[in-house]
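Colleague: Could you take me through this one? I have the viewer open and some short questions.

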Amino acid sequence: MSTINERKKTTVRTFLRKKQKAEKLAILTAYDYYTARILDASGLDGIMVGDSLNMVVYGHQTTLSAEMDKMLFHTRAVADAVRLALVIADMPFLSYQPSVETAILNAGRFLKEAGAEAVKLEGGIEIVPTVKRLIELGIPVMGHIGMTPQSIHRLGGPRVQGREEARYNYFLESAEALDEAGCFSCVLELMTAPLAKEITERVAMATIGIGSGRYCDGQVLVINDIIGLYQEMQPRFVRRYANVAAEIEKAARGFAEDVRSGGYPSDEESFLE
Ligand code: KIV
């Protein structure tokens, strides 16, 4: 395995090159400096500051109330830690929908103030004029279609997308339009695997799946899900690689027991003179 010193900086061009060479891309979310530093050292292609932080860090039920300031704050912490992975900032609800101007100003803040290298926007063909303008201005854009959490109420919950013909065609058309607008990549969230496969085959941008099967060019998951820190729900597509919640509880119980029994601190853990 190559060390952090031997690896090259990942850019949006790396994403496109890896797609062409059929090399899979691996992305995880991060929201704080030290987690981002560990993830960067692990050799991921991208680290995304997702608005999922509203749920998995702040305990809200949806991503809808994530604000610009909160996203900027966490993106700055992550960007400060990351040397090699591409840092992608998620634009929160209503930070890009009202107008192209609003989108430019807010997307610009992620690059200018928070150190992000790309932004992610949810939406299909209807947001293409905004996406085009951002890219023209030098802001790399990752699209996000399928089950888009900022539309959770309109979609009626986290339901698999693309089963009806009209929706299937809408996502195909949207993916092609985002590709043509210049997106370097696009998240395909919770859509049927055949739809994700067809999109992946048709577009030049790298498709990044989450709950959309194995045919995408890469995969993204939420760090708190895969380490078992967020336990409110576990979607079928999440693979858990650790149980950090159990480890934290074990550590806290051990500490409380030692304090109560007088076992902590010991003489070695004290300054006796
Ligand atoms: O908010 C988020 O973390 C995301 C990804 C997991 C795609 O949008």
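**Strands, folds and odd angles**

Modeller: Let me start with one pair in the strands: V49 has A89 in β3 as its bridge partner. Keep in mind that this is a predicted model.

Colleague: In which sense do β2 and β3 pair?

Modeller: Strand β2, residues 46–49, pairs with β3 in the parallel sense, over four bridges.

Colleague: And which residue stands opposite I88 in β4?

Modeller: That is A118. The pairing of β3 with strand β4, residues 118–120, is also in the parallel sense, over three bridges.

Colleague: How many residues of β3 are buried?

Modeller: Five of its five residues, which leaves β3 mostly covered.

Colleague: Which residues are on which side?

Modeller: L86, I88 and D90 are on one side of β3, and V87 and A89 are on the other. Both faces are covered. In a regular strand, side chains alternate between the two faces of the sheet.

Colleague: Let's zoom out. How many helices and strands are there in the protein?

Modeller: There are eleven helices and eight strands. The radius of gyration is 20 Å, close to the 19 Å that the globule rule gives for 273 residues, so the protein is as compact as a globular protein of that length.

Colleague: What does the C-alpha trace span along its principal axes?

Modeller: About 70 × 40 × 35 Å.

Colleague: What share of the residues is buried?

Modeller: Buried residues make up 49% of the 273. The protein exposes about 14300 Å², and carbon and sulfur atoms supply 53% of that area.

Colleague: New topic, backbone angles. What is the phi of L94?

Modeller: It is positive, about 70 degrees, although L94 is not a glycine. Most residues other than glycine have a negative phi. L94 sits in the loop between β3 (86–90) and α5 (100–112).

Colleague: And where is L190?

Modeller: In the loop between β6 (185–189) and α9 (193–202). L190 also has a positive phi, near 45 degrees, and is not a glycine.

Colleague: Is L190 buried or exposed?

Modeller: Buried, because its relative accessibility is 12% and the cut-off for buried is under 20%.

Colleague: Last one. Is the peptide bond from Y264 to P265 cis or trans?

Modeller: It is cis, with omega near 0 degrees. Most peptide bonds are trans. P265 lies in the segment after α11, which covers 244–261.

Definitions and conventions: Residues are numbered from 1 along each chain as its sequence is written. This is a predicted model: local features need pLDDT of at least 70, side-chain atom pairs count only at pLDDT 80 or more; totals for chains, interfaces and linings use all residues. Side-chain values use heavy atoms; hydrogens and water are left out. Helices (H or I, at least four residues) and strands (E, at least two) are DSSP runs, numbered from the N terminus. The radius of gyration is taken over C-alpha atoms; the globule rule is 2.2 Å times the number of residues to the power 0.38. Buried means under 20% relative accessible area, exposed over 50%, partly exposed in between (1.4 Å probe, protein chains only). Accessible areas come from the Shrake-Rupley method with a 1.4 Å probe; for residues, only the protein chains shown count as cover. Two strands pair if DSSP finds at least two bridges between them.
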